[in-house]
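Trainee: I should like to understand how the descriptive terms applied to a model are justified. May we go through them one at a time?

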Amino acid sequence: MMYNSRMISIRTIESLSHIQKDLEEYSRDVISQLNLEEENYRELSVDVKFINSGSYFDKNGIMIERKKSDHNFSEQDWCELLFKHELTHFLTSHIWGNPVALFFEGIAVYVSDMKIRHKILSTDYNKNAKILIETNNYIPFEKILRSDQYLSRRTDFRCDTISGSFISFLVENYNLEKIKNVFEQSNIPTVKNPHLNINQVCKKIFGKDIFALERQWMIWLSGNYVLGKVEVELFKSKINFVNDLKKRCQFCLWPNTMNDKNICTHCHCDNSIQIVID
Ligand SMILES: [Zn+2]
Ligand SMILES: [Zn+2]
């Protein structure tokens with residue numbers, strides 16, 4: 001089935017036709033949050049499928065994980081969260097470009113997870129980020145700035161808490177346009193050019209490098225979010241970090257592909273090459 005109304009085309013199989021209208025409404029919200037121009041998404045079409053485990057996007061569409069029975073969310077809310085998250089990736093990668101995961105995941109978390117979890121579970125990502133910092137459970141940018149580092153910790157919820165809160169800070173204190181500029185001007189490190197230009201890009205756009213932005217965000221959190229003692233204790237009791245790091249390739253970002261000579265068996269790139277952040 002296909003639905004098309006000056007929108008991105010959403011294609012689902014017949015058995016999903018009952019959620020077609022929901023998906024269309026979710027995509028309208030994502031497009032409006034990202035402030036996209038119609039001429040940029042009009043030609044795009046998204047195939048939507050449901051799968052049993054893990055959600056992802058590729059150049060043709062979006063795979064959504066079916067809700068597990070022990071979940072806090074209703075089926076519809078879960079679908080909304082995953083669809084909006086993956087659609088944000090789909091649209092930003094098609095239209096804006098591919099920056100480091102801190103921005104790439106951060107914008108999807110900001111558009112989807114952060115708002116929906118707040119609505120359903122009263123989760124506040126900014127407060128939680130502040131609690132991570134104040135309880136010494138924080139992961140500094142220097143450890144998650146490269147996409148392979150961030151994605152190696154994919155199952156550690158702290159990364160998305162940090163990136164979502166950081167992006168919300170940038171939207172409030174700068175604007176979405178500047179975040180879009182980061183996407184447009186970012187490079188992807190290669191073996192020939194093992195450089196990540198995130199500091200240059202941030203200096204040009206925000207007038208300061210990524211670590212200065214990190215400090216500014218932390219000051220903003222400490223001045224704006226008042227934590228109740230009960231809140232902190234409750235969050236701390238829920239902190240259950242997942243520490244199974246799945247090392248990713250620095251270049252293609254695939255997990256668990258390194259052989260004993262540090263060569264990726266997927267893209268054949270040598271991972272002993274050091275990526276320079278500048
Ligand atoms: Zn994502
Ligand atoms: Zn690789």
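Mentor: Let us begin with α1 in this predicted model. Its buried residues are L23, Y26, S27 and V30.

Trainee: What makes L23, Y26, S27 and V30 buried?

Mentor: The term requires 20 or more other C-beta atoms within 10 Å of a residue's own; L23, Y26, S27 and V30 are classed as buried, so each of them satisfies that cut-off.

Trainee: Why are these buried residues said to lie on the same side of α1?

Mentor: They cover an arc of only 100° around the axis, which places them on the same side of α1. In general, an α-helix has 3.6 residues a turn, so residues three or four places apart point the same way.

Trainee: What does the buried side of α1 pack against, and which exposed residues are on the face turned away?

Mentor: The buried residues pack against β2 (9-12), β3 (45-51), α3 (75-95) and α4 (101-121). The face turned away carries K21, E25 and S32, which are exposed.

Trainee: How do you know that the span of α1 is close to the expected one?

Mentor: Helix α1 comprises 14 residues, 20-33, and reaches 20 Å from its first C-alpha to its last. At 1.5 Å a residue, 20 Å is expected, and the span is close to this. Just after α1, N35 takes a positive phi of about 55°.

Trainee: Why does the radius of gyration of the protein chain agree with that of a compact globule?

Mentor: For 278 residues, the globule rule gives a value near 19 Å; the protein chain has 19 Å, and therefore the two agree. Buried residues make up 35% of the 278 residues.

Definitions and conventions
Residues are numbered from 1 along each chain as its sequence is written. Chains are lettered from A and ligands numbered from 1 in the order in which they are written. This is a predicted model: local features need pLDDT of at least 70, side-chain atom pairs count only at pLDDT 80 or more; totals for chains, interfaces and linings use all residues. Helices (H or I, at least four residues) and strands (E, at least two) are DSSP runs, numbered from the N terminus. The expected span of a helix is 1.5 Å times one less than its number of residues. A residue is buried if 20 or more other C-beta atoms lie within 10 Å of its own, exposed if 12 or fewer, and partly exposed in between; C-beta atoms are placed from the backbone. The arc is that of the directions from the helix axis to the C-beta atoms. Two residues are in contact if their C-beta atoms, placed from the backbone, lie within 7 Å. The radius of gyration is taken over C-alpha atoms; the globule rule is 2.2 Å times the number of residues to the power 0.38.
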